[in-house]
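Welcome! Please look over the sequence and the 3D view, and then we can walk through some strands together.

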Amino acid sequence: MQVKKTNAMLGCLQAYIVLLCLLLPFTLAGQAQQVPKVFVMEIRSEIDPRTNRYTELALEEATALGADHVLLVLNTFGGALNDADEIRERFLEYPKPIYVYIDKNAASAGALIALACDSIYMAPGANIGAATVVTADGQAAPGKYQSYMRSIMRSTAEANGRDPRLAEAMVEASVDSTLSAGQVLTLTTSEAIKYGFCDGVATDVEGVLAELNLQHAHVINYQLSTTNKIISFFLNPFVSGILLLIILGGLYFELQTPGIGFPLLAALVAGMFYLVPYYLNGLAENWEVLLFVVGLILIALELLVIPGFGIAGISGILLTCVALVLIMVNNQAFDFTFVPSEHLMKSMVSVVVGMIGAVVLISLTWHRLLNSKSMEGVILKESFHSKEGYRSANPAEHLIGKVGIAHTRMTPTGRVMIDDTLYDAQARDGFIEKGESVQVIDQSTFSLRVKKVDMRES
């Protein structure tokens with residue numbers, strides 16, 4: 001009996017072990033699924049279109065990864081109101097909870113973004129508030145801007161259960177009798193806790209996670225993708241300056257030597273690398289890009305279609321330059337109220353320096369480029385002279401020195417009328433307008449070389 005009992009116990013133990021082995025993977029998988037995911041992103045710069053796009057990309061990534069919580073590490077003195085408002089709406093509409101850890105400063109637009117988060121945690125010695133809207137020169141913006149800022153601060157605070165009156169006082173002192181004239185509300189960490197604006201104090205992200213009971217969560221630190229790193233590379237002022245050199249220099253030399261196509265192609269490629277990063281980051285508006293494209297179209301029409309004084313070409317160059325300037329600054333349809341004057345000046349200087357630098361750089365390297373091996377298949381370098389036995393299809397040595405008129409606009413090639421006969425010709429210097437007097441100075445293989453003459457002097 002004892003042996004049978006022992007065997008029965010061993011059989012039960014074996015069955016238990018087998019069952020445990022079968023259930024263990026499912027148990028571990030269930031525990032793994034229960035570990036929450038916390039997605040961490042950072043804003044440590046001015047609130048602008050780049051920050052706006054950063055938050056959009058970050059929340060898209062958080063959604064794709066199935067994050068259960070989002071933590072924003074914030075340290076900013078503010079920035080553009082329109083971008084902060086878009087970030088605010090994005091945070092309020094996000095289905096998962098978003099927490100913010102204010103690492104020292106959440107001023108102005110930063111305060112608005114912080115209020116849009118479900119919970120606020122602050123570092124010791126941090127501040128939140130001072131949300132008065134100011135212009136580019138640091139002065140208080142007109143009343144309509146302050147009124148709008150008060151309303152969205154109030155509504156954002158109400159949406160997350162915070163005192164709307166105190167939120168409004170961060171914009172204008174008159175709504176809080178405890179503040180003297182000219183003051184706006186700024187709360188320290190302890191004051192924010194006292195008035196219900198802050199849910200806890202932490203010295204780092206780990207401290208915030210401990211406050212939220214998420215210390216064992218799987219933390220995902222957001223990093224920009226390779227594509228976005230490349231975009232940021234092209235937003236570098238030095239790289240943008242080089243692209244401007246190529247754009248402006250290419251357009252200039254295509255006007256000087258139309259028909260080659262290489263300078264224009266280089267300008268178009270550089271224009272693409274210049275425009276796309278600014279457009280994706282929200283700095284280049286649709287109408288600014290359209291302005292740039294219209295400028296290029298006018299330049300192309302001047303080169304290929306329209307004869308005349310060059311109004312289309314000059315207008316195209318001006319529109320292109322204006323578009324390049326506007327793309328670099330965060331204006332709102334020519335409203336420069338919140339664009340610092342130094343930003344606008346830097347943009348204008350960049351374009352002007354780019355234009356001058358392009359002319360100087362390509363002028364110094366143009367002849368070397370023409371003589372390079374890469375241009376051998378594009379440019380005919382050999383000359384065929386009549387004394388060597390070569391003859392053109394239409395010998396015209398007798399025309400050298402003769403005077404006629406430009407039958408078409410010469411840019412620099414065209415046709416001239418001499419003794420009631422049309423000839424293909426090339427202007428020696430620049431453009432010659434239709435109807436102007438010309439004199440034959442030489443003959444190339446298939447055309448005449450002419451210069452403009454003033455008949456009043458002859």
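## Strands 9, 12 and 13

In this predicted model, strand 9 (residues 403-406) and strand 12 (residues 437-443) run antiparallel and are joined by three bridges. One pairing to look for is glycine 404, whose bridge partner in strand 12 is valine 438.

Now follow valine 438 onward: its bridge partner in strand 13 is lysine 452. Strand 12 and strand 13 (residues 448-452) also pair in the antiparallel sense, over five bridges. As a general reminder, strands of a sheet pair through backbone hydrogen bonds, either parallel or antiparallel.

## The barrel

What do these strands belong to? They are part of a closed barrel of five strands, which runs 9-10-11-13-12 and has mixed pairing. On average, neighbouring strands of this sheet are turned by 55° against each other, with direction ignored.

## A look at leucine 71

Let's move to another part of the chain. Leucine 71 is found in strand 2 (residues 69-76). Is leucine 71 buried or exposed? Its relative accessibility is 1%, so leucine 71 counts as buried, because the cut-off for buried is under 20%.

Which residues is leucine 71 in contact with, leaving aside its neighbours within four places in sequence? They include Val38, Phe39, Val40 and Met41, along with Tyr99, Val100 and Tyr101. Val205, Val208 and Leu209 are also in contact with leucine 71.

You can also find isoleucine 98, which lies 27 residues from leucine 71 along the chain. The C-alpha atoms of leucine 71 and isoleucine 98 are separated by 5.8 Å.

How values were computed. Residues are numbered from 1 along each chain as its sequence is written. This is a predicted model: local features need pLDDT of at least 70, side-chain atom pairs count only at pLDDT 80 or more; totals for chains, interfaces and linings use all residues. Side-chain values use heavy atoms; hydrogens and water are left out. Two strands pair if DSSP finds at least two bridges between them. Helices (H or I, at least four residues) and strands (E, at least two) are DSSP runs, numbered from the N terminus. Buried means under 20% relative accessible area, exposed over 50%, partly exposed in between (1.4 Å probe, protein chains only). Contact means heavy atoms within 4.5 Å. Axes are lines fitted to C-alpha atoms, for helices over the stretch in contact, and angles run from 0 to 180 degrees between N-to-C directions.
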